[in-house]
Amino acid sequence: MEKLYVVTKKGIQSKDVGCTEDIIRKISTKEALEELVERMPYIQTIQASNAKSRKELYELSMSEYDDLEWVKVIKSVYLRMEDHHYEDFEPEYAERAKHFLYGEFSIRFNIHFEEVESFLNKIIEKQLEEF
C-alpha cells in the first residue's frame, strides 16, 4: 500500500506515521507537478510597490498552501536577489516555499530533497531550449 502524504502547516508529512497536524490537503500528483514544471517559465512573479505590501503578498501566497503560489514566491525572491534589490525578510519566504514545494517533488519523483532544485532547473532549461 502506498503511503499517503499530506500538506500541513508545518510541511509535508506521512499520514500513516500518526500525523497530528491539521491536514490541509494531499500532496499533488506527479502529473500535476509535471504540468506545473511546464508552466514555471511563464508563471508571473509577485509585484508590489513597497516592502510592506510585498511581505503581505508573500504571506498571502504562503497561506494558500498551493504549489503555484509557492512557485510565485520562489521565483519572485530569486529574481529580486539576482537584481540585488531584496529585503532581509524575502529569503526566508523563499526557503519556506521551497520546503513545501521541493518536499512534494522529492516524494513524487523519488529524489532527494537536496536534488530537487537541480532536477527542476534541468527540466526547465530543456523546455526553454526546445521553445
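Q: Where does Ser 61 sit?
A: Ser 61 is part of helix α2, which covers residues 51-63. This is a predicted model, so every value here is computed from it.

Q: Is Ser 61 buried or exposed?
A: Buried, because its relative accessibility is 5% and the cut-off for buried is under 20%.

Q: What does the Ser 61 side chain pair with in a polar contact?
A: With the side chain of Glu 69, at 2.8 Å.

Q: Which residues is Ser 61 in contact with, leaving aside neighbours within four places in sequence?
A: Ile 46, Glu 69 and Val 73. Glu 69 is thus on the contact list and also the polar partner.

Q: Moving on to Arg 80. Which helix is that in?
A: Arg 80 belongs to helix α3, residues 67-82.

Q: Arginine, then: buried or exposed?
A: Arg 80 counts as buried, since its relative accessibility is 18% and buried means under 20%.

Q: What does Arg 80 touch, not counting residues up to four places away in sequence?
A: Arg 54, Tyr 58, His 85, Tyr 86, Glu 87 and Glu 90.

Q: Tyr 58 is on that list. Which cluster is Tyr 58 linked into by ring pairs?
A: One formed with Phe 89 and Tyr 93.

Q: How many aromatic pairs are there by the rule used?
A: The count is eight aromatic pairs. One of them is Phe 89 with Tyr 93, where the ring centres are 6.1 Å apart and the planes stand at 90°, so this pair is edge-to-face.

Q: Why edge-to-face?
A: Because the angle between the planes is 90°, and over 60 degrees counts as edge-to-face.

Q: And are Phe 89 and Tyr 93 buried or exposed?
A: Phe 89 counts as buried at 17% relative accessibility. Tyr 93 counts as buried as well, at 6%.

Q: What about Phe 109 and Phe 119, how are those rings arranged?
A: Their centres are 5.2 Å apart and the planes are at 50°, so the pair is tilted. The pair links distant parts of the chain, ten residues apart: Phe 109 is in the loop between α4 (90-108) and α5 (116-130), while Phe 119 is in helix α5.

Q: Buried or exposed, those two?
A: Phe 109 is buried, with a relative accessible area of 17%. Phe 119 is partly exposed, with 24%.

Q: Back to Phe 89. What lies over the face of the ring?
A: Lys 55 does, at 5.3 Å from the ring centre.

Q: Now the sheet. What order do the strands come in?
A: The order is β2-β1-β3, three strands in an open sheet with antiparallel pairing. β2 (11-14) and β3 (23-26) stand at the edges with a single partner strand each, so one side of each has no neighbour in the sheet. On average, neighbouring strands are turned by 40° against each other, direction ignored.

Q: How many bridges between β1 and β2?
A: Four, with β1 made of residues 5-8 and the pairing antiparallel. β1 and β2 form a hairpin with two residues between them.

Q: Which residues in β2 are the bridge partners of Thr 8 and Val 7?
A: Thr 8 has Gly 11 as its partner, and Val 7 has Ile 12.

Q: What stands opposite Val 7 in β3?
A: Arg 25. β1 and β3 pair in the antiparallel sense over three bridges.

Q: Which helix lies across the strands?
A: α4 lies across β1, β2 and β3, and runs at about 35° to β2.

Q: Last topic, backbone. What is phi of His 84?
A: Phi of His 84 is near 60°, a positive value in a residue other than glycine. His 84 lies in the loop between α3 and α4, and is exposed with a relative accessible area of 68%.

Q: And Asn 110, what is its phi?
A: Asn 110 has a positive phi of about 55°, although it is not a glycine.

Q: Where is Asn 110, and is it buried or exposed?
A: Asn 110 is in the loop between α4 and α5. It is exposed, with a relative accessible area of 70%.

Notes: Residues numbered from 1 in each chain as written. Predicted model: local features only at pLDDT ≥ 70, side-chain atom pairs only at ≥ 80, totals over all residues. Heavy atoms only, no water. Phe/Tyr/Trp six-rings, centres within 6.5 Å; stacked < 30°, edge-to-face > 60°. Buried < 20%, exposed > 50% of the residue type's maximum accessible area, 1.4 Å probe, protein only. Lys NZ or Arg CZ within 6 Å of the ring centre and 35° of its normal. Pairing = 2+ DSSP bridges. Axes fitted to C-alpha atoms, helices over the stretch in contact; angles between N-to-C directions. Contact = heavy atoms within 4.5 Å. Polar contact = N/O pair within 3.5 Å; in protein donor to acceptor, adjacent residues only side chain to side chain.
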